[in-house]
Amino acid sequence: MTATVGRQAQAAARASDVWKVYGSGEAQVSALRGVTCEFERGRFTAIMGPSGSGKSTLMHCLAGLDSVTQGSVMIGDTTVTGLGDAGLTKLRRDKVGFIFQQFNLLPTLTAQENILLPLSIAGRKPDPAWYDIVIDTVGLRDRLGHRPAQLSGGQQQRVACARALVSRPEVIFADEPTGNLDSRSGAEVLNFLRNSVREHGQTIVMVTHDPTAAAYADRVVFLADGQIVSELIEPTADTVLDTMKKLDTPAEVNGR
Amino acid sequence: MIRATLKSLLARKLRLILSGLAVVLGVMFVSGAFVLTDTLGRTFDAIFADAYEGVDVNVAAKPKIAVSEMEGEQTAAPFPAATVDKVRAVPGVAEATGVVAADGARLIGSNGKAVASFGPPQLGENWTGTSEQLQLNQGHEPRADDEIVINQGLATAGKVKLGDRVGVLTPLEPKQEFTIVGIFGYSGGRDSIGGSNEIMFTTPTAQRLMLGQPNTFNSVTVKAAGGVTDESLRDAVAGAVGDGYVVKTGEQLSTEAAQGFKEALSFFNRILLGFAAVALLVGTFLILNTFSIIVAQRTRELALMRAVGASRRQMIGSVVLEAIAVGLIASVFGLAAGVGVGALLAWAFGNLAGGLTLAGIGVPAAAVIGAFSVGLVITVVAALLPALRASRIPPIAAMQDVATPDRPLTRITVSGALVTAVGAALLFLGLSGNAGGNGLAIILGGVLFTFIGVALLTPLISRPVVALLGAIFAWSVPGKLGRLNSGRNPRRTAITAAALMVGIALVTGVTVILDSAKGSISALAKDTIKAELVIAGSQNGPRPPSFDPAVLDKAAAIPGVQLVDGEYGDMAVVNGERTWVAASSDVAALERIFGAKATAGDISRLGPEQMLFSSDTAKSRGVSVGTRVTVQLSRGEARTYTVSGIYQGSQLTNPVVLPPQAARDFAIPQPVQGFVQLAPGTRVTDVQPQVERLLADSPEVSVADRDAFIKQQTGSLDGLLTMIQILLALAIVIAVLGIVNTLALSVLERTRELGLLRAIGLRRAQTMRMITVEAVVISVFGALLGVVVGSGLGAAVVRALKKEGINDLILPWGQMGVMLGLAAIVGVVAAVLPAIRAARINVLGAIAHE
């Protein structure tokens, strides 16, 4: 683990006093209320919280998909807040990868074409050695010529993971990656994500509401009512579940 | 990226076909027009090259009045036979032949009617012997003055044969009888040159009948001796005959004649291109809509592209690339279809013109360039807006269903109002006649802007109107659902309806204009023409039918006939300016039949040296009573007339009236219309048969009562209207495709919803009814818009034509009703396929559909 410790010196993504407010006047809703948080390089962080806690919003803001009302977001040494469309596009190309709950593969492209899509959009060639590693890790070499419709859900999500990994982004954001999978396929995908952190130093931020999934992470950040309320290092499914139970009674937590 | 775009395109072939079809049809028109004109152009090149093949140099007298190919044949200008001898004496001339060849020799066929021509001349000629081209198929050359030979084509058209005794109408004499002693054809088995009808007489007869003067010719064809070039011979001959003659090489003549025809053809070309423009305008709406829906359906896919790093420009590029692919493929098919259509039209034209031998169908570069540039540009332009929309999809849409809020219609409505205003302003400017030479372009621009502006306003209009239309169907649940569906995406409904609007608006507008013109002319004619019987024929070619002037005197002698007037007309040069002039056999008719009033001088009498002007023409020409005016007619020398009267008439009266003596020098020295006024108390039915008998030898014309005559005269407008409607129907067909397309895509988009409805108990038939109601509401809405916009445009034009005498605005209510009814049917038809598709949706699959 000493190798990864050195990299932790700098955060891969950082939110400083981030507020996100929707609407105005009476209809005003604050999804995020002054969130400050760091996501260390080379670690697997899970964001958890009950529905409406703002966990997805936090991820969208971190990834530059959504703008923040106040505060700032950084990815690596890039300040995301205030970037224009061109800057954000470049950020997504070079520094950010995504894994979605719905897989979101293009139905008309083969698995291989889907994996290489971000690189071909950016007009780059894959690093052949890294490409081989990725393909072998996801175990899809014999499925590369298949269309998404010919793959199982787990296989599709592994293709999506490979797509996120192949461009070696600064950080991968995963939005409920196991939400649409059965538990066995989900475990496969989570193992694979954890390995890519442990073995290849990839940084992953995952939003989930499943304690078992969160247990695969190195660290879990808990959100409730738009604020960070708790944190666990080296979590297990049980410790996560316990913390969640406490959050389900927000009156106690927030002292309202 | 390119690969991803093309793959997604190929995966949706149906979408490709539907959006491409509109482009195919538009491109077909464009390339068809070019193929047609190219083919006919080369056909005419060949025809004229043939016609002048045996001619090295041709000598003709300078024409009195220059006439273009569109206006008909040049009136032959005779010159003395001595000129032929003069030409023959020029060194280098191997052979010089005096030729009589003039238009207006009409054979009366076996059915007693004159063989009609739809364009090519009907030549009366002198027999100059056979040649390499001209061969006698049967019989012998004309030896006696009552013998003729005719070409095989004419014999076939008139159903006459060798030895038949036939009547022939010539411009200068009444009908005469001849015996057909020979039938000739041309080399290569052709029975005519370019569909011309030819009657060949002995030289003296031809001179008498066609030129009116013995011992004259109207051209000399010259063959050069060996070693003499055509050009040097031409110059030598020109020097010998002196001024007053036009000397040209055969090659020059054939190129010039073909050139004249090509100019006429380019007019044809422009008309076809105009319809292509309409088809493409409608196609643009269709493509715009298709691409918009596709972009909406692929939101998630496009958002994903954005999330994995595609830039805005790449998104635009991807949609535009798809458009280019569709445009290219559609252009290829459109070009192929256009070649077919061009060939078909050329064939139809060839048949109509009397059996032209068509040149091979070729594909000119203009057709290819036109097809691809139009196809590509239109598709890409139409796809730009959806492309922009695609580029604005936020990447976050890949993760969640971003509820696209109902965008307010303010911006689109404001811009629609602005564009409509610009259109209206352009129309006003163009129609007011202050636009100078660009009037037509400005009017067309105004129409285009109006269409686009109204299309932009349509989303706003659609809400109340669609709700109202839909209310008709609201009694049943499927009807109600269909109505709500057609109102839920006002933009989409609007564009689909707007595409239909364009075609229907144009048909309605043209109908309003032509009906109003017809109505106004009829009303005017009924008001002003005080003649119970009219002698006239229907004109098929450039030459109007005419009749023997002797009929006029005989008709005047019929008891109960008060006044008979024969009208002659010609294009003349009056004080150096080309002007339509008329002559009346009885000038009293001007007042007593046509209701003109004298504003100066005397118009009831006209001496042989006097002429009359209408007040408008007098004003524009700056003449008044007593002014001396020089008039050059088609024949004879220029003469000077003194203005003896000025009259105020209607739009139907002639601008300039010459004395009847002048009619001898008209291109057609026979009356083309005759008006018979009866004494009070005389029954029309008593006189009509008597006049009819007088016309036995003038089979081109007949006598009819005034109403029938007016109907016959305005009848040509009906033909025009039908033709325009047929061509515009294509625009409507494209719009119908648009409705099918929109519905099909909407059904696809709502798979899950339809599945849900089916799951909770909507029957198949009900599902189909729901889709059908949606289609009917959209198409009736489009037709309603079209009828309203078309009536508005038509009314504007009619108003602008007020000073041309179109006073009555006639709205074709019946036809508008038919349009709306048809639109409802069209809606039902358009809904068939999408409705079947919706009804077949697998309930379980649809609900699971992601």
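How many Å should the 37 residues of helix H21 (residues 764–800) of chain B span, and how far apart are its end C-alpha atoms? At 1.5 Å a residue, the expected span is 54 Å, and the end C-alpha atoms of H21(B) lie 54 Å apart, so the two values agree. Keep in mind that you are looking at a predicted model. The same helix is mostly covered, with 29 of its 37 residues buried.

Let's step back to the whole of chain B. Its 850 residues include 23 helices and 24 strands. Taken along the principal axes, the C-alpha atoms of chain B fill a box of roughly 100 × 75 × 50 Å. Buried residues account for 50% of the chain. If you take the contacts in chain B between residues at least 6 apart in sequence, 83% of them join residues at least 24 apart.

To find your way around chain B, the domain assignment is a handy map. It gives domain 1 (1–54 + 253–401), domain 2 (55–252), domain 3 (459–529 + 714–850) and domain 4 (547–697). Between the C-alpha centres of domain 1 and domain 2 of chain B there is a distance of 47 Å.

Now for the interior. Nonpolar side chains tend to be buried together in soluble globular proteins. Here, the largest nonpolar core has 224 residues, and Val282(B) and Val502(B) are the ones with the most contacts inside it. Helix H7 (residues 250–297) of chain B is the top contributor to this core, giving 20 residues. Pick out Val502(B) in your viewer: leaving aside neighbours within four places in sequence, Val502(B) is in contact with Val278(B), Leu281(B), Val282(B), Phe451(B) and Ala731(B). Apart from the largest core lies another, of 56 residues, including Ala589(B), Ala618(B), Tyr647(B) and Val656(B).

Chain A is our next stop. It has ten helices and ten strands, and its C-alpha trace spans about 55 × 40 × 40 Å along the principal axes. What radius of gyration would a compact globule of 256 residues have? The value would be near 18 Å, and chain A has 18 Å, which agrees. Of the 256 residues in chain A, 47% are buried. Among contacts in chain A between residues at least 6 apart in sequence, 70% join residues at least 24 apart.

One short helix of chain A deserves a visit. Helix H2 (residues 55–62) of chain A has eight of its eight residues buried, so the helix is largely enclosed by the rest of the structure. Those buried residues are Lys55(A), Ser56(A), Thr57(A), Leu58(A), Met59(A), His60(A), Cys61(A) and Leu62(A). Just after H2(A) comes Gly64(A), which takes a positive phi of about 80°.

Finally, let's see where the chains meet. The contact takes 22 residues from chain A and 21 residues from chain B. On the side of chain B that touches chain A, the elements that give two or more residues are helix H1 (2–10), helix H8 (299–307) and helix H9 (312–352) of chain B. The largest share comes from H8(B), with five residues. Sorted by class, this side of chain B has twelve nonpolar, four polar and five charged residues.

Note on methods. Residues numbered from 1 in each chain as written. Chains lettered and ligands numbered in written order. Contact = placed C-beta atoms within 7 Å. Helix = DSSP H or I, 4+ residues; strand = E, 2+ residues; numbered from the N terminus. Nonpolar A, V, L, I, M, F, W, Y, C, P; charged D, E, K, R; others polar. Rg over C-alpha atoms; globule rule 2.2 N^0.38 Å. Buried ≥ 20, exposed ≤ 12 C-beta atoms within 10 Å, placed from the backbone. Expected span 1.5 Å × (residues − 1). Core = buried A, V, L, I, M, F, W, Y, C linked by C-beta atoms within 7 Å. Domains from an automatic or database assignment.
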